[in-house]
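Please open the structure in your viewer and keep the selection tool at hand. The tour below goes from one selection to the next and says what can be found at each stop.

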Amino acid sequence: MAAVVTATAATVVSAGPAEAAPRHEDGLSPDILAIMGKPAYEHAQWGLLEIDDTTGEVIHSQYPNQFFIPGSTAKLVSVSGTWHTLGGEHRFTTPVQAVGSRSGSVLDGTLAMVAQGDLTMGGRTKPGGSVDFTPIDHTYANDLPGATLTPENPLAGLNEIAGQVRASGITEVHGDVAVDPRLFAPDAGLDPTPTPLIINDNLIDLLTTGTTPGQPAQLSWRPQVAPYQVESTVQTVAAGGTTSIDVSASPDGTHITLSGTIAADAQPTLRVSQVQDPNAFGRTALIEALARAGVTVTAPPTGPNPVGLLPDSYDGTQRVAAYVSPVYAEYARLILKVSHNLGANLGICLMAVTTGSHQCEDGFAVLRDFLIQAGIDPTKVQLLDGRGGNPVDRVTPDVENEILHYWQGTPEATRFREALPILGVDGSLAFACAGCPTCPGKGKVWAKPGTVAGFDAVNQRLAIGAETLGGYLAAGHGRLHTFYLAVNGASTQDINTFFDVVNDLNRIAGLLQEQAEARS
């Protein structure tokens, strides 16, 4: 059984987060103890730290200074470092420079789009400037059921750039188009690997819709950029039948095949395929956008990205277009709401760039400096990525509470808290109350969940290395509690019972919120 020890009183410390306190044993309510005592947690380890952020009172504490596998709650650390380093109001400006000589409407030379690490390039930007998301992001489409697409055009930023080039007076490029990817070198140690130019998360979206049983399913896909081609042999089967769709691609990623079945009554099913060469993809997509805008390019639209045409410096060249992103706080909101792995890893590279480095690994030193400046002991964190997916990644409940407390002392306090998923409302906690007539904490828990799970071949079960949850609880009268809840080493029968574990942590958080509010 999970280790659970009870006592009678809460510990009071000076206002602020607990400082490296020993394990604080206190009385969890019977309904929480019953959850922690389920068979799924027989060999598991629970960790918990809840603190009144106003008074510094430790409400609940179990192993606050012990390392836990964080899963995606590591994003609370990495996104905090990136947000602090760049600033919430930072915008990414992706310029296009005319390299060569210009005669009227004709450029003899190269249009160079200088990639700046913009996470979405307009592909999720809503009319008001916010960044769109759905509860289960398309980046998870091959792993989780129910992933859906946002309605925005993935090529929106490139279309805007193309329109600006045309508005600058250029109608012909006697030469080529190139993507300048020299902002940072992609680091294969970060999975998924960030690239300076990212279009549609470097993915092709593949949406299959059932038709009449016995007939081919309907396929739509985006963004449609040459030379990418998609073929589907997916068949529609009777209502209630099996929906199982597999995706394969050629080594260069440009020929994609879908196979399998979809039930006639199934919801449209989303899959994705990786763009293997984001620079070549972006170059072709820009040339096609230029054509739509009335700008012709003499170079072939497909083929490798001609980096050899890029100058050492853009001094003396003319800027003919620039795409300006939403503020970074909107990107942080996307990363935290849907657990956007590519965006979290990108933050490591962007922090490195602020030091003049082109090596993503140098971003970890910037992250460490942020922790020290925030008064947080960096040895309470072990990270080798920004997403929380590396085997070495570890955090303590204490450090997560300290980071959450740090934001409360900044002008960004509300914006950071509201960037987290809200229990039963949005992001990756949107479905926390599904099928539950009562949902403790609904709308009153702002928290980032995390998961690490894999197949246990010995026992033919699903091993849950970690299920975690960290954020804020509404404690009444405008007060907040910070909390971090983790279980490492749970085990369930299959993917369906895995969601029971997710729901257990959501319910514990909701119960903690209700109890906090009842004390006020």
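Keep in mind throughout that this is a predicted model.

**Stop 1: helix H5**

Begin by selecting residues 328–338, which make up helix H5; ten of its eleven residues are buried, so the helix is largely enclosed by the rest of the structure. The buried residues are Tyr328, Ala329, Glu330, Tyr331, Ala332, Leu334, Ile335, Leu336, Lys337 and Val338. To see what covers them, add further elements to the view, including helix H2 (75–86), strand E3 (91–103), strand E14 (318–327) and helix H6 (341–353). The cover also includes helix H9 (413–419) and strand E17 (445–456). Just after the end of H5 you will come to Ser339, whose phi is positive, near 60°.

**Stop 2: Tyr328**

Now select Tyr328 alone, which is found in helix H5. Is Tyr328 buried or exposed? Its relative accessibility is 3%, and because buried means under 20%, Tyr328 counts as buried. Leaving aside residues up to four places away in sequence, Tyr328 touches Val79, Thr82, Trp83, Leu86, Gly87, Gly88, His90, Phe92 and Ile335. If you also select Asp118, you will find its C-alpha 9.4 Å from that of Tyr328, although the two are 210 residues apart in sequence.

**Stop 3: the pair of helices H2 and H5**

Show H2 and H5 together, and look along their axes, which come within 10 Å and cross at roughly 175°. An angle over 145 degrees counts as roughly antiparallel, and therefore H2 and H5 are described as roughly antiparallel to each other. On the H2 side the contact is made by Lys75, Val79, Thr82, Trp83 and Leu86, while H5 contributes Tyr328, Ala329, Ala332, Ile335 and Leu336. Sorted by class, this contact has eight nonpolar, one polar and one charged residues.

**Stop 4: the nonpolar cores**

In soluble globular proteins, nonpolar side chains tend to be buried together. Here the largest nonpolar core has 55 residues, and Val77, Trp83, Tyr328, Phe416 and Tyr472 are those that touch the most other members. Among the elements that give two or more residues to this core are H2, H5, helix H7 (363–373), helix H8 (397–408) and strand E18 (461–474). H5 gives the most, with eight residues. For a second, separate core, which has 42 residues, select Ala162, Val173, Trp221 and Leu258, which are included in it.

**Stop 5: the five-stranded sheet**

Return to H5 and look at E3 and E14, for H5 lies across both of these strands and runs at about 50° to E14. These strands belong to an open sheet of five, in the order E13-E5-E4-E3-E14, with mixed pairing. Strand E13 (296–297) and E14 stand at the edges, each with a single partner strand, so one side of each is left without a neighbour in the sheet. Inside the sheet, nine bridges join strand E4 (residues 106–114) to strand E5 (residues 172–180), and these two run parallel. One bridge to find is that between Val106 and its partner in E5, Glu172. Helix H3 (residues 156–167) also packs on the sheet, where it touches E3, E4 and E14, and its direction makes about 150° with that of E14.

**Stop 6: the three-stranded sheet**

Finally, select the open sheet of three strands in the order E7-E6-E12, whose pairing is antiparallel. Strand E7 (218–222) and strand E12 (269–274) are its edge strands, each pairing on one side only. From one strand to the next the twist averages 25°. Six bridges join strand E6 (residues 203–209) to E12, and in E12 the bridge partner of Leu206 is Arg271.

How values were computed: Residues numbered from 1 in each chain as written. Predicted model: local features only at pLDDT ≥ 70, side-chain atom pairs only at ≥ 80, totals over all residues. Heavy atoms only, no water. Buried < 20%, exposed > 50% of the residue type's maximum accessible area, 1.4 Å probe, protein only. Helix = DSSP H or I, 4+ residues; strand = E, 2+ residues; numbered from the N terminus. Contact = heavy atoms within 4.5 Å. Axes fitted to C-alpha atoms, helices over the stretch in contact; angles between N-to-C directions. Parallel < 35°, antiparallel > 145°, perpendicular 65-115°, else oblique. Nonpolar A, V, L, I, M, F, W, Y, C, P; charged D, E, K, R; others polar. Core = buried A, V, L, I, M, F, W, Y, C linked by side-chain atoms within 4.5 Å. Pairing = 2+ DSSP bridges.
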